[in-house]
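User: Please pick one part of this model and look at it closely. Then work outward from there and connect it to the rest of the chain.

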Amino acid sequence: MLALALLLAGGAVAGCGGRATTHHKPGTSHEQASGNAGTLLTTDDGAGHRLREVPAEGAPEVQLTARPDSEDGWNLQLAVKNFRFTPDSTGGAALRGAGHAHLELDGRKLARVYGPWFHLPAAQVPEGAHTLTVRLYADDHTAWAVSGKPVEGTLQLTATPGQTGHTHASTPPSTSPSPEAAQADRTVTITVRDGKVTPAPGRVEVARGERVALHVTSDRADTLHVHGFDKELALPAGQEATLVLTADRTGLFEVETHASDLVLTQLLVR
């Protein structure tokens, strides 16, 4: 009996260091499912996300810079220190130095950011002077903080009339599907109007390896994001936009919008 107990204990320890198992969120390890870091404070970031305090030494840091894009808007760079982006484990537990970012314009959330670069369309920035803020969050959506203040970076951004539109916008969108979309195995068509999603968000079952075309029309400029695949697509106001991806991994993946923070559907890949 003692030998059997030792064998079972050894197997449990080995399992924690191995591959993710089915009782975890897809894309997370056992450590990510149970880990924790810092001290959870009663204060929040102003948007309902509680602060997670960590010591200043070795704490995450972020600096934000912007470069005008040659076609439209700006390319933002998030230079981070003591931090890594972990899009595959969003929704898991908090591990120090890991997570994602939120991008705000004048205090209004524009998007979640899952990597060091993000394209900000000019359509999302009204003409005039603005403050862009990027803030770092843990996988459990708490905000990393030092001395009671969120870890963030800011910059001043001025949108001129020449940047608030692009010649492509004057070209009527084509109603014919792209060759890539036409070759998709599964097509999902979604409309967002007045904050409501049609059809109502549900699950779309997809076989691993299938190509999925997401046709999305939003009544306001936004950004589409597919969790787990780290795919994004700008959604011009009132125009259909199409994202095609290959479902090359199994699990349950949310498709959401950044600015309106809406879940459009879930891809269940088997």
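Analyst: **A side-chain pair and its setting**

The side chains of S89 and D139 make a polar contact at 2.8 Å. The model is a predicted one, so this distance is computed from predicted coordinates. S89 sits in the loop that runs between β5 (84-85) and β6. Is S89 buried or exposed? Its relative accessible area is 1%, and the cut-off for a buried residue is under 20%, so S89 counts as buried although it belongs to a loop.

β6, at one end of that loop, spans residues 98-105 and supplies at least two residues to the largest nonpolar core. That core has 30 residues, and those with the most contacts inside it are W74, L76, L78, L103, L120, L132 and W144. The other strands that each give at least two residues to this core are β3 (61-68), β4 (74-81), β7 (108-113), β8 (117-120), β9 (128-137) and β12 (152-159). In soluble globular proteins, nonpolar side chains tend to be buried together. L120 can serve as an example of the packing: beyond its neighbours up to four places away, L120 touches D72, G73, W74, L76, L103, L110, V125, L132 and L157. Another core, of 24 residues, lies apart from this one and includes V188, V216, V226 and F229.

The loop at the other end of β6, between β6 and β7, holds D106. D106 is not a glycine, yet its phi is positive at about 55°. With a relative accessible area of 47%, D106 is partly exposed. The loop between β20 and β21 offers a parallel case in D261, again a non-glycine residue with a positive phi of about 55°. D261 is partly exposed as well, at 41% relative accessibility.

β20 and β21 lead to the sheets further along the chain. Strand β20 (residues 251-257) pairs with strand β21 (residues 263-269) in the antiparallel sense over six bridges, and E256 has V263 in β21 as its bridge partner. Both strands belong to an open, mixed sheet of five strands, ordered β15-β21-β20-β17-β18. Its edge strands are β15 (203-206) and β18 (231-235), each pairing on one side only. From one strand to the next, the twist averages 20°.

At the β15 edge, the pairing with β21 is parallel and runs over four bridges. V206 stands opposite V269 of β21. V206 and V204 make up the covered face of β15, while R203 and E205 make up the uncovered one. The loop between β14 and β15 contains P199, which is joined to T198 through a cis peptide bond with omega of about -5°.

Which strands form the open sheet of four? Its order is β14-β13-β16-β19, again with mixed pairing. β14 (196-198) and β19 (240-246) have a single partner strand each, so each has one side without a neighbour in the sheet. Here too the twist averages 20° from one strand to the next. Strand β16 (residues 211-218) pairs with β19 in the antiparallel sense over seven bridges, with L214 matched to L243 in β19.

R186 of strand β13 (residues 186-193) connects the description of the two sheets. Its side chain has a polar atom 2.7 Å from the backbone oxygen of E205, a residue of β15. Apart from neighbours within four places in sequence, R186 is in contact with V204, E205, E210, R211, V212 and A213. The C-alpha atoms of R186 and V244 are 9.7 Å apart, with their positions 58 residues apart along the chain. R186 has a relative accessible area of 29% and is therefore partly exposed, unlike S89, which is buried at 1%.

The totals give the background for these local features. The chain has three helices and 21 strands, and 41% of its 270 residues are buried. Of the contacts with a separation of 6 or more, 62% link residues 24 or more positions apart. The accessible surface comes to about 14000 Å², with 52% of it belonging to carbon and sulfur atoms.

Notes
Residues numbered from 1 in each chain as written. Predicted model: local features only at pLDDT ≥ 70, side-chain atom pairs only at ≥ 80, totals over all residues. Heavy atoms only, no water. Buried < 20%, exposed > 50% of the residue type's maximum accessible area, 1.4 Å probe, protein only. Contact = heavy atoms within 4.5 Å. Areas by Shrake-Rupley, 256 points an atom, 1.4 Å probe, with all protein chains shown as cover. Core = buried A, V, L, I, M, F, W, Y, C linked by side-chain atoms within 4.5 Å. Polar contact = N/O pair within 3.5 Å; in protein donor to acceptor, adjacent residues only side chain to side chain. Pairing = 2+ DSSP bridges. Axes fitted to C-alpha atoms, helices over the stretch in contact; angles between N-to-C directions.
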